[in-house]
Amino acid sequence: MRLVPVVFSLLFSAVSSGANAEGMIVLAAASLKDALDEAVRTFDANTGQNTKVSYGASSALARQIERGAPADLFLSADVEWMDYLAGRKLIRTETRVDLLTNRLVLISPAASNVTMQIAPGFPLAAALGNGRLAMADPDYVPAGKYGRAALQSMGVWTSVSTKIAPSEDVRAALRLVARGETPLGIVYRTDALAERKVRIVAEFPATSHPLIVYPAAVTAVSKSAAASRLLDFLRSPAARAIWIRHGFGRAN
Amino acid sequence: MFPTLEELQILGLSLKVALWSVLVSLPLAVAVAYSLARVNFPGKTLFDAAVHLPLVLPPVVVGYFLLLTFGRRGPVGILLEEWFGIVVMFKWTGAAIAAGVMGFPLMVRAVRLSFEAIDRKLEDAASTLGAGPLAVFATVTLPLALPGVLTGMLLSFARGLGEFGATITFVSNIPGETRTLPLAIYTYTQVPGGDESALRLSLLAVVLSLAALFVSEVMVRRATRRIMGDDADGRH
């Protein structure tokens, strides 16, 4: 019967931490993981905040906000999903800023010695053979949408569209390549730099896809005053050093 | 409100995955259930726990273990590819493996219970009349356990149809290959304007589940009546 108090205290602790959840909640694109973790740690250490970050595909996060997730700040990997929320008045448009830029790369497992130049009609399908091309789902995940646009502009999309392994976010695609389950994959440059088990085969020309911009905004439901302070911090020189170290570019 | 061709293909794929998972795991589940119900061996408790693991583990964990085992670089994955040229990664066969593993404990439980409920005297009678152990099993034990086997098959089938976490972790979400009903519903909820399709597929899932429950109920009743003979009808 000594279990009963334990169970009660568990229940109680869960309730209390939910009730005085003063820490704000940030929903951020999966590709921001390592850099944003570091930036938020610095912010929390300096301000005494307790910020929680939930990472996922920007699409999934936007849908969560649409359904009333108690988020304070949204960092999206593409403009479209931020526009989607803005159109539904779910973000404070006056707080919206373009925070970062990124690039798209073709990667392989680190042990692979494949070489390829990205040019119109480049032999991607042949390089895949019986394997698949890991990429975020081109139907809705930003990294996948950029990837499809890039492959389309190179004229190779139709030859590889049946060979892709679409994943729920870009980091899942990164993991597939890192584990050697697929011979090639398309991720952001920052993802490739964060994973030692993959190698960048080539970078897609910046003109082959829409500019990769990460917009950020405070949500309409946010009651946390710290949300805009965190957003300011993410644009400060201190945070910029972190972004650049992880391979992001500055949006202007 | 009628499902589109794409949605019907998703349904077809889900049925294929779930049916194969049931058919392939059935003999194994019967063997395991029989050994748990009738045989005492060292480490039985541990074995029993291991069989039930997929029931209590988070599906993502099961999917991750499957990926580590059956993946291109997993021990079993490497052997399958080298010996038989079989690759299950990103294939519907992989989805069937995930569904089968997740449904396995449910099947074993149901079959085991009906093995345990069988009157051993009937088997003894068959033996004294000259039937060998295999003949006893095939002509007495298994037919008597039929309601449990059917229930187990249905439970596992339903579990396979609903399987999400292990599947998406193990074989990803590939249209026409591993994008089964739950994965398709999830995908549609991610796409702007996908709500209608998501809702249609969800309703389809409800209809399918009800149909499966109904069919199994009828089959179990029939099997029970056949076993019990007149007793089931209340006559003597």
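Two residues are in contact here if their C-beta atoms, placed from the backbone, lie within 7 Å. A residue is buried if 20 or more other C-beta atoms lie within 10 Å of its own. The model on screen is predicted.

**Stop 1: chain B as a whole**

Select chain B and hide the rest. Its secondary structure amounts to 11 helices and 0 strands, so the pattern along the sequence is α-α-α-α-α-α-α-α-α-α-α, given that helices and strands are DSSP runs. The C-alpha trace spans about 65 × 45 × 30 Å along its principal axes. Chain B has 236 residues, and 36% of them count as buried. Take the contacts in chain B between residues at least 6 apart in sequence: 75% of these join residues at least 24 apart.

**Stop 2: helix α11 of chain B**

Select residues 195–228 of chain B, which form helix α11. At 1.5 Å a residue, the 34 residues of α11(B) should span 50 Å, and the end C-alpha atoms are 49 Å apart, which agrees. Colour S197(B), L201(B) and A223(B), the buried residues of this helix. What do the buried residues of α11(B) pack against? They pack against α1 (5–38), α8 and α10 (181–190) of chain B. Move on to the residue just after the helix: G229(B) takes a positive phi of about 65°.

**Stop 3: A198(B)**

Stay on α11(B) and centre on A198(B), which lies in this helix. Is A198(B) buried, exposed or partly exposed? A198(B) has 17 other C-beta atoms within 10 Å, which makes it partly exposed. Leave aside its neighbours within four places in sequence, and A198(B) is in contact with I185(B), Y188(B) and T189(B). For a distance check, pick G132(B) as well: A198(B) and G132(B) are 66 residues apart in sequence and 54 Å apart in space, C-alpha to C-alpha.

**Stop 4: α8 against α11 in chain B**

Two packed helices are described by the angle between their axes and the distance between the axes. Add residues 146–162 of chain B, helix α8, to the view of α11(B); the two pack at an angle of about 170° with their axes 9 Å apart. Angles over 145 degrees count as roughly antiparallel, and α8(B) and α11(B) are therefore roughly antiparallel to each other. Show side chains for the contact. On the α8(B) side select L146(B), P147(B), L150(B), T151(B), L154(B), F157(B), A158(B) and L161(B). On the α11(B) side select L208(B), S209(B), A212(B), S216(B), M219(B), V220(B), A223(B) and T224(B). By class, this contact has 12 nonpolar, 4 polar and no charged residues. A223(B) is one of the contact residues of α11(B), and is also among the buried residues of that helix.

**Stop 5: where chain B meets chain A**

Bring chain A back. How many residues of chain B are in contact with chain A? There are 13, and they touch 15 residues of chain A. The chain B side of this interface divides into 6 nonpolar, 5 polar and 2 charged residues.

**Stop 6: helix α2 of chain A**

Select residues 33–47 of chain A, helix α2. Its 15 residues should span 21 Å at 1.5 Å a residue, and its end C-alpha atoms are 21 Å apart, which agrees. Colour the buried residues A35(A), L36(A), A39(A), V40(A) and F43(A). Look down the axis of α2(A): these buried residues fall within an arc of 125°, so they line one face of the helix. R41(A) and A45(A), on the other side, are exposed. The buried residues pack against β1 (25–29), β2 (52–56), α9 (189–194), α10 (226–234) and α11 (237–245) of chain A. Just after α2(A), G48(A) takes a positive phi of about 75°.

**Stop 7: α3 and α4 of chain A**

Select residues 58–66 (α3) and 79–87 (α4) of chain A; their axes come within 9 Å and cross at roughly 10°. That makes α3(A) roughly parallel to α4(A). The contact is made by S58(A), S59(A), A62(A), I65(A) and E66(A) of α3(A) with W81(A), Y84(A) and L85(A) of α4(A). These residues divide into 5 nonpolar, 2 polar and 1 charged.

Now keep α4(A) alone. W81(A), M82(A), Y84(A) and L85(A) are buried. Seen down the axis of α4(A), they fall within an arc of 150°, so they line one face of the helix. Their cover includes α3, β3 (73–75), α6 (142–153) and β10 (212–218) of chain A. End at K89(A), just after α4(A), which takes a positive phi of about 60°.

How values were computed: Residues numbered from 1 in each chain as written. Chains lettered and ligands numbered in written order. Predicted model: local features only at pLDDT ≥ 70, side-chain atom pairs only at ≥ 80, totals over all residues. Nonpolar A, V, L, I, M, F, W, Y, C, P; charged D, E, K, R; others polar. Helix = DSSP H or I, 4+ residues; strand = E, 2+ residues; numbered from the N terminus. Buried ≥ 20, exposed ≤ 12 C-beta atoms within 10 Å, placed from the backbone. Axes fitted to C-alpha atoms, helices over the stretch in contact; angles between N-to-C directions. Parallel < 35°, antiparallel > 145°, perpendicular 65-115°, else oblique. Expected span 1.5 Å × (residues − 1). Arc of directions from axis to C-beta.
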